[in-house]
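Me: Could you walk me through this protein model, a bit at a time? I am new to this, so plain words please.

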Amino acid sequence: MSTSAKVRQGQILELANTSGLASVEELSERFGVTASTIRRDLSRLTGEGKIARTYGGAMPLTAPVIESTFRQRNMENAEAKSAIGRKARSLVSEGQTILLDSGSTVASLAHELRDANELTVATTSLVVVEELAEAESVHVECLGGTLRHRSAAFVGPLAEYCLERMSFDSVFLGADAVTPDAICEADLVQTRLKEKMASRAQRVFVLADSSKLNQHPFHAWARLPEGWTLITDAQASENQLAPFKDANVEIILAG
């Protein structure tokens with residue numbers, strides 16, 4: 001291997017350790033080499049156990065992140081999640097049909113919807129159903145499937161089948177982490193369902209507090225469509241928001 005290749009691979013590894021990124025195309029442009037050369041670099045680094053390939057890029061190999069339960073996540077960044085839920089509520093209109101994903105931040109939105117009128121809410125989340133159980137003016141459709149205990153929500157082919165029979169004005173998605181083009185989740189069953197959710201709605205909103213922006217805790221990814229909207233808390237820094245602005249993602253700050 002040439003010295004220049006060693007240097008380039010060292011710089012790629014440094015990027016993976018500092019930002020967890022980037023796409024093959026971005027790396028190709030950055031280093032002035034072909035995409036095939038970058039793919040060979042990534043393959044070599046993967047083979048040496050230095051990085052793990054992810055959707056669109058690479059991340060360092062570190063100790064595995066353990067997915068927390070819904071109860072644990074619900075206690076994290078509670079103020080930011082409440083602010084995001086209130087802001088998202090302002091985007092829901094009477095008479096709409098909306099789809100709510102699982103997750104503690106989406107559950108904050110459901111809490112705010114308890115006083116809604118003439119609203120139809122479809123969801124895979126047990127927590128959302130519980131929040132809206134006594135909201136008699138909200139029509140609730142619960143999508144079936146296999147219960148995923150850690151997220152307190154249904155996933156799998158039955159949930160996907162139900163989605164194919166419905167369409168929505170808006171979908172509000174949760175995320176373990178989010179980048180300008182994808183949602184990061186703990187497993188592929190979740191990401192597959194989120195992609196199907198996004199495909200069934202006219203508008204796609206991702207609810208994610210600032211601690212989740214540009215992070216890569218897991219290896220499963222759901223591609224986001226063009227024109228989606230990020231709702232995050234006002235504590236998000238300019239550095240955190242810059243990649244989303246560069247990708248022309250609409251950003252709504254809460255709080």
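What follows is a chat about the overall make-up, one helix, a few single residues and a cavity.

Reply: Please keep in mind that this is a predicted model, where local features need pLDDT of at least 70 and side-chain atom pairs count only at pLDDT 80 or more, while totals for chains, interfaces and linings use all residues. Residues are numbered from 1 along each chain as its sequence is written, and side-chain values use heavy atoms, with hydrogens and water left out.

Me: ok, how many helices and strands are in the protein chain?

Reply: The protein chain has 10 helices and 14 strands, where helices (H or I, at least four residues) and strands (E, at least two) are DSSP runs numbered from the N terminus.

Me: and what share of the residues is buried?

Reply: Of the 255 residues in the protein chain, 49% are buried, and here buried means under 20% relative accessible area, exposed means over 50%, and partly exposed lies in between (1.4 Å probe, protein chains only).

Me: which residues of α2 are buried?

Reply: Helix α2, which covers residues 24–31, has Val24, Leu27 and Ser28 buried. These buried residues line one face of the helix, because they fall within an arc of 105° when seen down the axis of α2; the arc is that of the directions from the helix axis to the C-beta atoms.

Me: why would residues three or four places apart point the same way?

Reply: That is because an α-helix has 3.6 residues a turn.

Me: what's on the other side of α2, and what comes just after?

Reply: Glu25, Glu29 and Arg30 are exposed on the other side of α2, and just after the helix Gly32 takes a positive phi of about 65°.

Me: new topic: is Asp41 buried or exposed?

Reply: Asp41, which is found in helix α3 (residues 35–47), counts as buried, with a relative accessibility of 3%. If its neighbours within four places in sequence are left aside, Asp41 is in contact with Arg8, Gln9 and Ile12, where contact means heavy atoms within 4.5 Å.

Me: and where is Val171?

Reply: Val171 is in strand β8 (residues 168–173), and it is buried, with a relative accessible area of 0%. Its contacts, again leaving aside neighbours within four places in sequence, include Leu99, Met197, Ala201 and Phe205. Although Val171 and Ala201 are 30 residues apart along the chain, their C-alpha atoms are separated by 5.8 Å.

Me: which residue in the loop between α10 and β14 has a positive phi without being a glycine?

Reply: That is Asn248, which has a positive phi of about 60° and sits in the loop between α10 (238–246) and β14 (250–254). Asn248 is exposed, with a relative accessible area of 68%.

Me: last thing, how many cavities are there?

Reply: The structure holds 2 cavities of 30 Å³ or more. On a 1 Å grid over the protein atoms alone, a cavity is a set of points where a 1.4 Å probe fits but cannot get out, and lining residues have an atom within 4 Å of a point. A volume is the space filled by probe spheres set on the points, which are joined across faces, edges and corners.

Me: what lines the second largest cavity?

Reply: The second largest cavity, with a volume of about 60 Å³, is lined by residues including Asp101, Arg148, Phe154 and Leu193. β7 (153–155) and α9 (188–199) each supply at least two residues of that lining.

Definitions and conventions
1 Å grid on protein atoms, 1.4 Å probe; cavity = no way out; pocket = protein on both sides within 12 Å on 5 of 7 lines; lining within 4 Å.
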